[in-house]
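Could you sit down with me and go through how to read a model like this one? I would like to start with the ligand and then look at the backbone and the surface.

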Amino acid sequence: MTKFISTPSRTKEILETYGLRAKKSFGQNFLVDPVIVERCAEEAHCEGAVIEIGPGIGSLTEQLAIHAKHVTAYEVDPDLIDVLKDTLKDYDNVEIILQDFLTIDLPSKVKELKEKYGTVSVCSNLPYYVTTPILFQIFEQGAEIPYITVMVQKEVGERFAAKPKEPPYGALSAEGQYLYEVKKLFNVPGRSFNPSPDVDSVIIQFKRRQDADLSIDLNAFFELVRACFKQRRKTIYNNLREYLNDSERTKEVLAKAEIPCTKRAQECSWQDLKKIFEAMQ
Ligand code: SAM
C-alpha cells in the first residue's frame, strides 16, 4: 500500500524523484507529520468543497481529498504541477490550478463551488511571507466561507487570537475578531516540516460570526483600527487626534463613544473601536 505523502520517507522520495528543493522565495516548508496533517483536515469543516492555498507536493491536499467532496488547490510554483498530478493521481476530486492565489477571482470560484457542493471552507498551510494579504482576501468573502483553518507562524496566530490587554493584542486581533471567532487549535513543532522553518507554527481556525455587522464600510473601519494602534504606547486620544488631525473633534468622538481619552487601543475590544467608528460618522 502506498504511504501517505506526509510521511517523512514518502516526502523524501518525492523530492528526490523530482530533484526538488524547497524554495524559500515561495515560503515552501513541506509538512512531514501525518498526524498533524490528518488532524488539520479533520478539524477543517470541509464536508463540501475546500479551497487550499499552496498544496506543495500534496500532503495536506491528500487528506483534504479524503475528507471533502471536492478540493480546489492553487499553487504558484510551476515546478510542482507535474509532481501534484502524479502524487494525487488516485484522487479524482482534486482540481489543481497554477496561479498566484492573490490574483484569482475568489468570489466567482466560491459561488461556483457553493452551487456544486453546498459549502466552501478554506484549509491551508499558508506561505508565511503572504499570510496577511491572503487571509484578508478570504475575509472579504464574508459569510460564504464560514470556516478558515490555517497554519501560520506562531506569533501571527497569537496576534489573531489575543484578547484586549494581552501583549500580542493589536489591530490584526481586533480586525479578525470583528468578523470571526478565532480559536487556536494546536501548535506544530519545527520537526514536522521539511525543511524545518526558523519559526514555530500554530494551526488556528476562524469561524465566521453570524452577528458581524457588514453594513459598515469595512475598509474605513479597518483603517481607523490601524490608526488607533499606530503607536501602541500612546493613548487612544493621541493616536486618534493624529488620524483626525483635530483635537476638539477627537474629544467629541471619544466622548460620544464613551471611551476615556486615557485608554490605550490595546485595552479596547472591537466593540469599543466600532463605537468610535460610529461616533465619527
Ligand atoms: N501545503 C504544503 C504542505 O503543507 O506541505 C506546502 C505548504 S508551503 C508552507 C506553502 C506553499 O504555498 C508552497 O507550495 C508555495 O509554493 C505555495 N505558495 C506560495 N505563495 C503562493 C501564492 N501566492 N499562491 C499560491 N500558492 C503559493
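What follows is a short tutorial in turns, with a learner asking and a teacher answering.

Q: Before we begin, what kind of model is this?
A: It is a predicted model. Keep that in mind as we go.

Q: Let's begin with the ligand. Where does the ligand sit?
A: A good habit is to look for the pocket before the individual contacts. Here the ligand sits in the largest pocket. Two elements each give two or more residues to the shell around the ligand: strand 1 (30–31) and strand 3 (70–75).

Q: Which residues come nearest to the ligand?
A: There are 23 residues around the ligand, and those that come nearest are Leu31, Gly54, Glu75, Asp100 and Asn125.

Q: What is the make-up of the shell by class?
A: Sorting the neighbours by class gives a quick picture of the surroundings. The shell around this ligand holds 11 nonpolar residues, eight polar ones and four charged ones.

Q: How do I read the polar contacts? Which side chain has an N or O atom 3.4 Å from a nitrogen atom of the ligand?
A: Look for pairs of N or O atoms within 3.5 Å, and note whether the protein atom belongs to a side chain or to the backbone. The side chain you ask about is that of Glu52, with an N or O atom 3.4 Å from a ligand nitrogen. The backbone takes part as well: a polar backbone atom of Phe101 is 3.0 Å from a nitrogen atom of the ligand, and a backbone N or O atom of Pro55 is 3.5 Å from a ligand nitrogen.

Q: How much of the ligand does the protein bury?
A: Start from the ligand taken alone, which exposes 590 Å². The protein buries 99% of that area.

Q: Now the backbone. What should I look for in phi and omega?
A: Most residues other than glycine have a negative phi, and most peptide bonds are trans. Exceptions are therefore worth picking out. His45, in the loop between helix 2 (34–43) and strand 2 (49–53), has a positive phi near 50°. Glu258, in the loop between helix 11 (247–257) and helix 12 (270–280), also has a positive phi, of about 60°.

Q: Which peptide bond is cis?
A: The bond from Asn194 to Pro195 is cis, with omega near -10°. You will find Pro195 in the loop between strand 8 (193–194) and strand 9 (201–208).

Q: Back to those two positive-phi residues. Is His45 buried, partly exposed or exposed, and what about Glu258?
A: Compare the relative accessible area with two cut-offs: under 20% is buried and over 50% is exposed, with partly exposed in between. His45 has 31%, so it is partly exposed. Glu258 has 65%, so Glu258 is exposed.

Q: Why does Val71 count as buried?
A: Val71 is buried because its relative accessibility is 0%. This residue is found in strand 3. Val71 and Asn93 are 22 residues apart in sequence, and their C-alpha atoms are 6.2 Å apart in space.

Q: What does a pair look like when the distance in space is 27 Å?
A: Try Glu181 and Leu240, which are 59 residues apart along the chain, with their C-alpha atoms separated by 27 Å. Glu181 is in strand 7 (residues 180–188) and counts as partly exposed because its relative accessibility is 45%.

Definitions and conventions: Residues numbered from 1 in each chain as written. Predicted model: local features only at pLDDT ≥ 70, side-chain atom pairs only at ≥ 80, totals over all residues. Heavy atoms only, no water. Near = heavy atom within 4 Å. Polar contact = N/O pair within 3.5 Å; in protein donor to acceptor, adjacent residues only side chain to side chain. Areas by Shrake-Rupley, 256 points an atom, 1.4 Å probe, with all protein chains shown as cover. 1 Å grid on protein atoms, 1.4 Å probe; cavity = no way out; pocket = protein on both sides within 12 Å on 5 of 7 lines; lining within 4 Å. Sits in = over half its atoms within 2 Å of the grid points. Helix = DSSP H or I, 4+ residues; strand = E, 2+ residues; numbered from the N terminus. Nonpolar A, V, L, I, M, F, W, Y, C, P; charged D, E, K, R; others polar. Buried < 20%, exposed > 50% of the residue type's maximum accessible area, 1.4 Å probe, protein only.
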